[in-house]
Amino acid sequence: MCARISLVLLIASALAGCASGPSSEAAHKLGTVKESFETFRGAIAKEDYDAAYDTLSRDTRDRYPSQLLVIAFKMTATGQRYQRLISDSALVTAIEKSDGKSAVAVLRAPDVEADLADPGRKHFEMKSFRLVKEDEKWLVQFTLQEFFGIPEDQFFDYSRVTRKRDFRQRR
């Protein structure tokens, strides 16, 4: 009986930890473009989509619910590829605009598909993403069109989305 109560308490405390708000640790690692990139990359690599969502700009969070981030990375071939690219990438450079309110982070990651096709040399893929400065924090900003290549007004057109992207079944 005591073992059962201990197990229930352990599960309840674990669930309470999952339900807590944004970690203060993540909030302190958004002071520079490099810190924001590292925080975002670490969250995506661990598939911690709540922490990744905390690194998004206010505009991006207002436009898209947190569940969309999970769907994007888990259920689409594009999202899975993008997750792998971000997880394996290094920050090449960050270019801040002169106004100090926006920046572009340029990433470089191994191109696994090209390496398989041409094993004689090492291939790399470049990707960039935008950041904006809000409340002295650099936050990631994106749109569905940038992520999926589908105009936003057509994104929720099921027939168009399924023609353009692979929604994988998970068991």
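Select Lys133 and then Trp138: in strand 4, Trp138 is the bridge partner of Lys133. The model is a predicted one, in which local features need pLDDT of at least 70 and side-chain atom pairs count only at pLDDT 80 or more, whereas totals for chains, interfaces and linings use all residues. Residues are numbered from 1 along each chain as its sequence is written, and side-chain values use heavy atoms, with hydrogens and water left out.

**The hairpin and strand 4**

Extend the selection to strand 3 (residues 124–134) and strand 4, which run antiparallel and are joined by five bridges. Strands (E, at least two residues) and helices (H or I, at least four residues) are DSSP runs, numbered from the N terminus; two strands pair if DSSP finds at least two bridges between them. Strand 3 and strand 4 form a hairpin with two residues between them. Centre the view on Asp135 in the turn, where phi is positive, at about 50°.

Now show the surface of strand 4 (residues 137–141). Four of its five residues are buried, so that the strand is mostly covered. Here, buried means under 20% relative accessible area, exposed means over 50%, and partly exposed lies in between (1.4 Å probe, protein chains only).

**The whole sheet**

Select the four strands together. They form an open sheet in the order 1-2-3-4, with antiparallel pairing. Strand 1 (90–96) and strand 4 stand at the edges with a single partner strand each, so one side of each has no neighbour in the sheet. On average, neighbouring strands of this sheet are turned by 35° against each other, direction ignored.

At the strand 1 end, select strand 2 (residues 102–110) as well: six bridges join strand 1 to strand 2, and the two run antiparallel. Ala94 stands opposite Ala105 in strand 2.

**Helices across the sheet**

Add helix 3 (residues 33–45), which lies across strand 1, strand 2, strand 3 and strand 4 and runs at about 140° to strand 1. Axes are lines fitted to C-alpha atoms, for helices over the stretch in contact, and angles run from 0 to 180 degrees between N-to-C directions. Then add helix 7, which lies across strand 2 and strand 3, running at about 85° to strand 3.

**Helix 6 against helix 7**

Two packed helices are described by the angle between their axes and the distance between the axes. Select helix 6 (residues 66–75) and helix 7 (residues 77–87): their axes come within 5 Å and cross at roughly 90°. The two helices are therefore roughly perpendicular to each other; angles under 35 degrees count as roughly parallel, over 145 as roughly antiparallel, 65 to 115 as roughly perpendicular and the rest as oblique.

Display side chains at this meeting point. Ala72, Phe73, Lys74 and Met75 in helix 6 meet Ala77, Gly79, Gln80, Tyr82 and Gln83 in helix 7, where contact means heavy atoms within 4.5 Å. The residues of this contact divide into five nonpolar, three polar and one charged. In this grouping, Ala, Val, Leu, Ile, Met, Phe, Trp, Tyr, Cys and Pro count as nonpolar, Asp, Glu, Lys and Arg as charged, and the others, Gly among them, as polar.

**Thr60**

Move to Thr60 in helix 5 (residues 58–63). Thr60 counts as buried, at 0% relative accessibility. Leaving aside residues up to four places away in sequence, Thr60 touches Val140, Gln141 and Phe142.

**Salt bridges**

Nine salt bridges are found in the whole structure; each is a side-chain nitrogen of Lys or Arg within 4 Å of a carboxyl oxygen of Asp or Glu.

Select Glu38 and Arg41, whose closest N and O atoms are 2.6 Å apart in a salt bridge. Both lie in helix 3, three residues apart, about one turn of the helix. Glu38 counts as partly exposed at 32% relative accessibility, and Arg41 counts as partly exposed at 22%.

Next, select Glu113 and Arg84, whose side chains meet in a salt bridge (3.7 Å, N to O). Glu113 lies in helix 8 (residues 112–117) and Arg84 in helix 7, so the pair ties together parts that are 29 residues apart in sequence.

Then select Lys122 and Asp115, a salt bridge with its closest N and O atoms 3.5 Å apart. Lys122 is exposed, with a relative accessible area of 52%, whereas Asp115 counts as buried at 18% relative accessibility. Finally, select Arg58, Glu134 and Asp135, which salt bridges with shared partners join into one network.
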